[in-house]
Structures are given as C-alpha cells and as structure tokens.
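Subject: Structure for you to look at

Hello,

Here is the structure I said I would pass on. Please open it first, then read the notes below with it on the screen.

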Amino acid sequence: MTELVAPSSINLSTPPSTPKPDSQSDGKSDFEYSTFAITSLKLLLMVLASIVSTYHSLLSSDPLLTMPVAAIESLILLLSHSPSSTISETLSLLAHYTSILKSSVANPIALSAGTDLFQRYLISSLQSPQPTYPGNRGGRARGGDTTDDFQAIRHHLISNGRLFAARAKEARSQIAHVARQFIGDGTTVLTYGSSRVVGAVLDAALKSDTCFKLVYVCDTTTTSTDMPPTLPSPSRELPIAIIPPSAVAHALSQVSMVMLGAEGVVENGGIISGMGTYQLGVLAKAAGKPVYVCAESHKFVRIFPLSQADVGGVGLQFSESAAKGQRKGSETDEKRRIDYTPPELITALITESGVHTPESVSEELIKIWY
Amino acid sequence: MNTEVPPMGQENAAAGSTPEKVKETISSSKAKGTPKLGEDLKEPELSKAELKKRSKAEKAARRAKEKQEKATIGQPDVPNHTQQDQTIAPEPNMRNPASGAPGTKQQKRRRSSTANPQRQIPIRTLEPPAPTVTPAPKKDNKNVALFSHLYGHSRRSTMAGAGKDIHPAVAVLGLKMSHYIICGSNARCVAMLLAFIRVIESYSTPPGNSLPRHLTTHLSSQIEYLVSCRPLSVSMGNAIRWLKVKISEVDPDKPEENAKQDLCEGIDGFIQERITVAGQAIATSATERIQDGDVILTFAKSSTIHQTLEKALHHGKRFKVIVADSRPLFEGKALARQLANLGIQVQYCLLHAISHVIKEATKVLLGAHAMTSNGRLYSRCGTALVAMTAKEAHLPVIICCESVKFSDRVALDSIVLNEVAPPDELLDSDEAGSPLSQWKDTPNLQLLNLMYDLTPADYINMVITEYGSLPPSSVPVVHSLSMNT
C-alpha cells in the first residue's frame with residue numbers, strides 16, 4: 001500500500017552504504033561486513049564525484065542528448081561499474097545517485113522524469129522475469145551459483161537499461177514523423193526555446209518538401225539573439241523571422257500554430273518548460289492559435305503542480321534601489337528559468353506513441369507506474 | 001379506504017367525453033409508477049409513517065374540499081394510497097407533456113387569465129377539454145415533479161415492519177443511518193461492513209443450501225432493509241459488489257466455519273486497505289499540498305479532510321481553515337469544533353458567505369461522496385457552488401477521495417442521480433412558529449431537500465487518491481485499476 005502512495009520517494013531516503021539488515025542473516029561475519037561497508041563507501045565517494053561530471057560530460061559531448069536520457073545513461077554507467085551484489089542494494093544505490101544528481105542541478109524536474117522512469121523500469125523488469133531471482137534472503141545462503149545468478153540479473157538490468165536509453169533516443173525521430181504532418185504547405189510555425197524535438201520536427205518537414213515559414217521567439221535574457229543550433233538555420237526553403245518575446249502578441253495574428261518543446265510533461269498534462277512558455281501559451285490561447293507540444297514520453301513526470309510556485313519558483317524579488325544590472329546573473333534567476341504551462345493552454349501533445357490530449361498524460365503515467 | 005374507487009369513477013363520468021382515455025392514462029401511468037414502488041409491493045402492511053401520512057392527506061383533502069365550494073363535482077379526489085397516484089389524480093390530461101407538474105405554476109397563470117377560471121384548458125391537445133373537470137389540485141402533490149423519480153419510497157424511520165431475518169446489528173445500523181447518527185460515505189461503508197461481519201458470524205447455512213448461494217440472498221435482504229432506511233452510498237455499493245464476488249468465490253466444499261472466518265477476515269482487510277490505509281495515504285499526500293500560511297477553505301464535513309488537516313498540523317504546517325457549512329445538516333459544525341480543539345485557527349461560515357470568504361482562501365480542499373466516471377464530483381449539496389466560486393477566484397480545488405468512492409456511472413447533472421431527504425428536515429424543529437410549519441397544508445408550496453450535487457470536472461484541479469494525485473479525467477482509469485486488484 002505504501003508503495004502505491006508515493007513510489008518516487010520509496011528509496012530516496014535509504015543510504016546505499018548501509019549493509020541491508022536482511023543480509024545479516026546469511027553466514028558472513030561482522031568483519032566481512034565492515035570491510036564490505038568500507039569498500040562500498042570508497043566506491044561511493046569515487047562515483048559520487050563522478051556521477052555529476054559523467055552526466056555533464058555526456059550532455060556536452062552530444063548536443064542532441066536531452067537531460068533525462070543523459071541522466072539515464074550516466075546511471076547505467078554507474079550501475080555497470082558499481083560492485084553491488086543484491087537487488088535492493090542496487091536499487092538503493094540507484095536512488096542515492098539519483099538524489100545526488102538531482103541536487104546537483106538547478107532544475108531537477110526534467111532530470112527526475114528520466115531517473116524516476118528508469119528506476120521504475122528496473123523495478124518492473126526485476127519483478128517480471130524469474131521470481132526466484134531476488135535472493136536477498138536465502139538466495140546467497142544456497143551457494144555459489146546464486147552469485148552468478150545475480151550477475152545475470154545485473155547484466156540483464158544493464159542491457160535492459162541500454163535498450164531503454166536507445167529507445168528514448170529513437171523516440172525523437174518517431175515524433176518528427178508524426179508531428180511533421182501538422183505542418184502543412186504555407187503554414188507559419190512559431191517556436192520558442194531550443195527544443196531538440198522541435199528541431200527534428202522542422203527538419204523532417206523540410207525534408208518532405210513542405211513549404212512553411214518559421215517565427216522564432218528569441219530569449220532576450222541571454223546576450224545572443226542567434227538561432228540555437230538545434231533548430232534549422234534560415235534558408236531559401238525556410239524563411240525565418242526572429243522576434244523578441246515582447247512582439248509575440250503582435251506577431252501571432254500571422255502565425256498558424258505554435259510548436260513547443262518541453263523539459264517535462266506533468267501529471268495533469270501541463271508542461272514545464274523554459275521561462276516564457278507560459279505567457280506564450282496564454283497569448284496563443286487568447287489569439288485562438290493551436291499549441292502543439294512535442295515531447296518524448298520519457299519526459300512524463302509524476303509531479304502535479306497547482307501553480308507556478310510548485311515548480312520550484314521563488315517569489316518575486318523586489319528591489320528597493322534603482323540600481324541597474326541586478327536583474328541578471330543571480331542564483332535565483334537560474335532557478336526561475338522554468339515555468340509551468342497549465343493543460344488548458346495546450347491543444348495536443350505529440351509523443352512517439354501518437355498524439356495525446358493533455359488529459360491522457362495521467363492515464364499514460366498510471367500505465368507506466370502500475 | 002373503499003372510497004378510493006368511486007371518486008375515480010366519478011371523475012371519469014364527469015370527464016364524460018373521454019372516460020376511456022382518462023382511464024387509459026391513469027392505468028398506464030400507474031403501471032409506469034409501479035416499478036419505482038417496488039418497496040410497496042414487498043411490504044404489504046403499511047408502516048406507521050405511511051398511515052400517518054395517509055390520514056394527514058385525508059385531512060388535507062377534506063379541508064380543501066370545504067374551501068372550494070364552487071367545485072361542481074361532489075367529491076374531490078381522495079388521496080390515494082401512494083404518492084405516485086396522487087400525481088395522476090389532478091391531471092386528467094396526462095398526454096400533454098408540457099402540462100406536467102413542473103408546469104403547474106405556469107398552467108395556473110394561464111388558467112387565471114382565461115375567461116372561465118374554473119375550467120382547465122388543456123394546452124396543445126387536440127381533444128376538447130372535459131367540460132366539467134375542475135383541476136382543483138386541492139390536495140397538492142408535495143413531491144417536486146422534476147425529482148419525482150428520486151422519491152421512491154419514504155425513508156424508514158422505525159424498525160416496524162422489518163423482516164424477521166434482519167440481523168439486529170443491521171436493524172440498528174439502518175436506524176442510525178436514517179437519523180444521520182452514522183453519516184458520511186466512509187463511516188456508512190465501514191459501519192455496514194462491520195455489521196455484515198456480525199451477520200456472517202451468526203449465519204449458518206440452512207440444510208440443502210450451499211453457503212456461496214444462500215449467504216448472498218441472506219445479505220441481499222439485509223441490504224434491502226438498509227436501502228429502505230437510506231439509499232446506499234457509492235462506496236457501500238462498491239463494497240457490496242466486492243463482497244458478493246468474494247462470497248461467490250467461496251469453495252462450496254470448504255467447512256462453513258472456515259469459509260465464514262475467511263470472509264470476515266476478507267472484510268476486515270477490505271476496510272483496512274481501501275478505507276483506513278487509503279485515507280492515511282491521501283492525508284499524507286494532501287498534507288504536502290498545504291504550505292505555511294495557507295488558508296484552506298472546506299465545505300461541510302469529510303473524514304478525509306479532517307484527517308488531512310490534522311496530519312498537516314502534526315507536520316508543523318501553519319495554516320488557517322475556513323469551514324463553510326449549510327443547512328439542514330450543519331455537518332461543518334462538527335468539523336470546525338474538532339479542528340478548533342486541535343488548535344487550528346478556524347473560521348466558520350454558512351454557504352451564503354462563500355463569495356466573501358473566498359477572498360481570504362488560498363486553497364480549497366473538498367471531500368467527496370463519489371466521483372463519477374466523467375470526472376465529476378458528487379458530493380454534499382453546496383459543494384458545486386464552493387468549487388465554482390473557487391474556480392472563479394482562480395484557487396486550486398483539491399478533492400480528497402478514496403478510490404472506493406469511484407463510480408463507473410456517468411452523471412451529467414444532479415437531477416438524474418441524487419437523493420431526496422425528507423423535506424421536513426428543512427424546517428427549524430425548535431421553532432414552532434416557523435412560517436413553514438404548515439407547509440403541507442399550504443397550496444402550491446413544495447419543499448425539496450436534496451442531499452447531493454454534481455460539480456463539473458472543469459472546476460476540479462486535482463483529485464488525491466491513494467494511487468496518487470490525478471486530474472479528474474483519470475477517475476475511470478483508477479477505478480478500473482482498483483476494481484481489478
């Protein structure tokens with residue numbers, strides 16, 4: 001019953017270095033346990049330093065890699081190098097690194113979508129095959145072959161995880177295939193942010209010889225107003241207009257649709273995305289333009305924000321002096337980089353499994369979790 | 001009551017032109033009425049309440065007769081023994097759907113404007129009006145016609161007439177429910193299941209029967225009695241459905257003692273899992289939604305909301321609570337008192353002040369009687385108003401509801417699916433001089449005491465269940481999930 005309640009938080013609190021109480025029952029002496037604890041502690045420190053850097057190096061090495069997938073890949077790397085010998089140890093190790101990873105970034109929502117899903121995926125894949133496997137109790141006491149058993153599970157787990165990451169990457173091209181049908185000849189697409197999925201969709205539409213125009217809303221809080229590398233660059237086939245966010249309402253009348261990416265898709269079908277997406281959604285709704293969100297289903301995350309404050313935003317920072325230049329660079333600004341767009345403002349979500357209404361996100365999530 | 005037939009005959013004779021048609025309509029609508037009156041058929045002797053009602057009705061009719069001296073027909077319609085029949089009597093022109101009871105007011109207005117006020121002029125009917133029929137709803141139908149399908153039978157308030165196989169625990173429970181001593185979806189469901197444990201414990205299969213087959217019918221009669229006290233809640237319905245499946249799965253070869261013990265343990269487990277633990281789980285996740293400085297608005301009383309607020313307090317959250325309440329049950333008083341005793345700052349108001357207090361509130365937490373499959377909330381009358389006001393004020397509306405309260409029914413309005421409580425509950429019992437005290441004798445006055453209303457899914461932001469927090473659109477998914485496990 002408790003597992004039903006808050007599955008994301010089950011394992012988070014268990015530190016991985018503690019020997020499991022149930023493993024006390026098998027024949028090992030206390031001494032062996034203390035050495036075991038020490039070695040795992042060493043390794044812990046080692047990987048602790050590396051998990052975050054692994055994650056960042058993965059992200060920087062491949063510009064097309066999204067945060068959830070990078071998180072999943074670094075967790076798989078970690079698992080393949082970790083000396084864990086029981087299932088529950090593996091899981092608690094995983095949960096621990098997940099929390100380290102989450103605390104290392106300013107905005108853990110997109111990341112947690114991937115890590116939670118991976119954790120869930122592992123649990124279910126461990127539960128489904130041979131039930132004799134998870135031999136925490138009694139398993140190791142039986143003899144040497146159970147250790148091989150566990151190695152087999154571990155291998156299965158890691159290879160399954162790889163498959164998972166591979167599938168997650170594949171999803172983007174599938175979305176592009178579905179979403180390009182929304183872009184017809186003569187349409188004008190407005191987009192914002194540097195979504196890789198939207199980039200892939202636009203590329204796919206260009207490749208299928210669709211004639212359309214693009215309006216790109218640039219982010220004025222950063223110094224550069226260039227197009228992000230993830231989106232196609234202007235060409236004869238694709239004329240692009242770059243407008244500041246202040247011109248969105250003005251430009252919307254000439255736009256046929258708004259196409260956005262997302263960092264996370266939340267339980268009620270709303271999205272969490274770069275700051276400014278919400279107001280874009282409000283404007284598009286007011287102008288009666290459809291808003292399509294392209295997101296892989298591994299971005300679905302089991303959180304349910306009720307307001308902007310629930311996505312980790314900080315309250316308004318009032319300033320009593322008229323000094324300039326205070327607006328940028330503060331740590332709070334970094335945290336407020338994202339906002340929450342409620343489901344009412346979203347026409348449809350385009351995922352690799354098809355086009356969904358915002359309402360059906362919850363259903364998809366329930367399918368994954370139960 | 002041998003006067004019952006003659007007046008009808010007289011009426012028919014008076015109607016003259018189309019006696020057969022009138023008869024036809026009466027009989028057909030009577031036939032229509034009978035299925036609803038299933039209880040009357042099952043209970044040949046009338047309960048005290050019904051006898052009382054009948055004599056009251058007779059009295060009223062007599063008074064009305066004296067009043068209306070102008071009436072050409074000697075005898076006004078004598079009240080028939082069921083309420084359904086009463087609806088027929090004053091309206092010979094049942095064919096006209098527009099002149100059904102909801103239109104009586106309108107009809108009267110039209111009638112008074114015509115030259116001959118004595119004559120009822122049927123609207124939109126081709127047949128010439130029966131010349132001498134006086135409409136004379138001398139004995140008003142006190143059932144609101146729009147909700148006539150909900151009246152069914154009057155609520156049992158005594159044990160008289162209960163079948164001999166009704167278990168004492170069930171008999172007592174029925175009365176407690178009828179008098180709102182046990183009230184609230186969860187409380188009623190738990191109390192019913194506990195009573196059923198007693199029933200099963202004292203049950204022994206009669207010779208020649210098998211437990212799985214006979215116990216179900218035995219329980220059905222208990223359930224029937226409970227229904228006659230007060231209609232079942234959705235949670236009770238779900239629990240009964242589960243229990244009947246459980247009973248039918250019992251191996252007939254199993255020794256009776258073991259089978260009974262298994263069933264009782266199963267029921268205990270059901271209460272534990274679906275209500276107790278589910279409630280705790282909901283309280284835990286709902287507590288996370290309460291932040292320091294919040295002002296929580298709630299309506300009436302929900303055990304889950306009480307649990308949530310209590311838990312939030314224990315977690316050190318600092319918040320205020322506004323309890324909105326309404327007549328006639330004033331359930332919110334109990335909640336306000338309990339919360340105040342815990343040390344929470346509570347503001348109590350009635351429903352009419354809602355648009356005022358909503359300005360201070362930051363979140364709305366509501367309990368549920370049931371959630372329908374289209375994501376609508378079926379809860380105490382007045383909830384929809386609170387949710388609508390909150391939506392208007394852009395406040396998040398959070399429903400705390402165990403999955404046992406989810407229903408596979410779809411409801412679009414609160415007319416089709418509802419419960420009508422005795423209208424006398426609307427009167428102030430302590431005020432003898434209440435202007436409504438004579439409402440039964442006041443013509444053209446009907447009282448309607450609805451128990452529930454339906455809140456559209458648009459007004460609901462979140463439903464917290466033991467499966468997590470969901471948008472209302474996920475109710476059917478969780479319902480099927482919870483019924484399969």
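Where in chain B is B:Y180 found? B:Y180 is in the loop between α8 and α9 of chain B. Please keep in mind throughout that this is a predicted model.

The two chains

Chain A has 370 residues, and 49% of them count as buried. Its secondary structure comprises 11 helices and 10 strands. About 17300 Å² of chain A is accessible surface, and carbon and sulfur atoms account for 57% of that. Of the contacts in chain A between residues at least 6 apart in sequence, 78% link residues at least 24 apart.

Chain B has 485 residues, of which 49% count as buried. It contains 17 helices and 10 strands. Its exposed surface is about 23200 Å², with 55% supplied by carbon and sulfur atoms. For contacts in chain B with a separation of 6 or more, 77% come from residues 24 or more positions apart.

Unusual backbone angles

Most residues other than glycine have a negative phi, and most peptide bonds are trans. The following places depart from that pattern.

B:Y180, the loop residue above, is not a glycine, yet its phi is positive, near 60°. Is B:Y180 buried or exposed? Its relative accessibility is 17%, and buried means under 20%, so B:Y180 counts as buried.

A:D209 also has a positive phi, about 60°, without being a glycine. A:D209 sits in the loop between α7 (196–207) and β2 (212–217) of chain A. With a relative accessibility of 65%, A:D209 is classed as exposed, because exposed means over 50%.

The peptide bond between B:R327 and B:P328 is cis, with omega at about -5°. B:P328 belongs to the loop between β2 (319–325) and α14 (331–342) of chain B.

Helices α8, α9 and α12 of chain B

On one side of the loop that holds B:Y180 is α8, and on the other is α9. B:S178 is in helix α8, which covers residues 168–178. B:S178 has a relative accessible area of 7% and is buried. Apart from neighbours within four places in sequence, B:S178 is in contact with B:R155, B:R156, B:S157 and B:C229.

Helix α9 (residues 185–201) and helix α12 (residues 256–287) of chain B have axes that come within 9 Å and cross at roughly 170°. The two helices are therefore roughly antiparallel. Residues of α9(B) that meet α12(B) include B:N186, B:C189, B:V190 and B:L193. On the α12(B) side, the residues include B:K260, B:L263, B:I267 and B:I271.

B:L193 is a useful residue to click on in α9. What is its relative accessibility? The value for B:L193 is 0%, so it counts as buried. Leaving out residues up to four places away in sequence, B:L193 touches B:A239, B:I267, B:F270 and B:I271. B:L193 and B:I240 are 47 residues apart in sequence, but their C-alpha atoms are 8.5 Å apart in space.

B:R188 is also in helix α9 of chain B. B:R188 counts as buried, with a relative accessibility of 1%. Among the residues B:R188 touches, not counting those up to four places away in sequence, are B:R230, B:M236, B:H369 and B:Y452. B:R188 and B:M236 are separated by 48 residues in sequence and by 7.3 Å in space, C-alpha to C-alpha.

Aromatic rings

How many aromatic pairs does the structure hold over all chains? There are 3. One of them is formed by B:Y378 and B:Y452. The rings of B:Y378 and B:Y452 are 4.8 Å apart, centre to centre, and the angle between the planes is 35°, which makes the pair tilted. B:Y378 is in strand β6 (residues 377–380) and B:Y452 in strand β8 (residues 452–455) of chain B, so the pair ties together parts that are 74 residues apart in sequence. Both B:Y378 and B:Y452 are buried.

A ring also takes part in a contact with a charge: the charged end of B:K333 sits over the ring of B:F330, 4.4 Å from the ring centre.

Regards

Notes
Residues are numbered from 1 along each chain as its sequence is written. Chains are lettered from A and ligands numbered from 1 in the order in which they are written. This is a predicted model: local features need pLDDT of at least 70, side-chain atom pairs count only at pLDDT 80 or more; totals for chains, interfaces and linings use all residues. Side-chain values use heavy atoms; hydrogens and water are left out. Rings of Phe, Tyr and Trp (its six-membered ring) pair if their centres lie within 6.5 Å; planes under 30 degrees apart count as stacked, over 60 as edge-to-face and the rest as tilted. Helices (H or I, at least four residues) and strands (E, at least two) are DSSP runs, numbered from the N terminus. Buried means under 20% relative accessible area, exposed over 50%, partly exposed in between (1.4 Å probe, protein chains only). A charge sits over a ring if NZ of Lys or CZ of Arg is within 6 Å of the ring centre and within 35 degrees of the ring normal. Contact means heavy atoms within 4.5 Å. Accessible areas come from the Shrake-Rupley method with a 1.4 Å probe; for residues, only the protein chains shown count as cover. Axes are lines fitted to C-alpha atoms, for helices over the stretch in contact, and angles run from 0 to 180 degrees between N-to-C directions. Angles under 35 degrees count as roughly parallel, over 145 as roughly antiparallel, 65 to 115 as roughly perpendicular and the rest as oblique.
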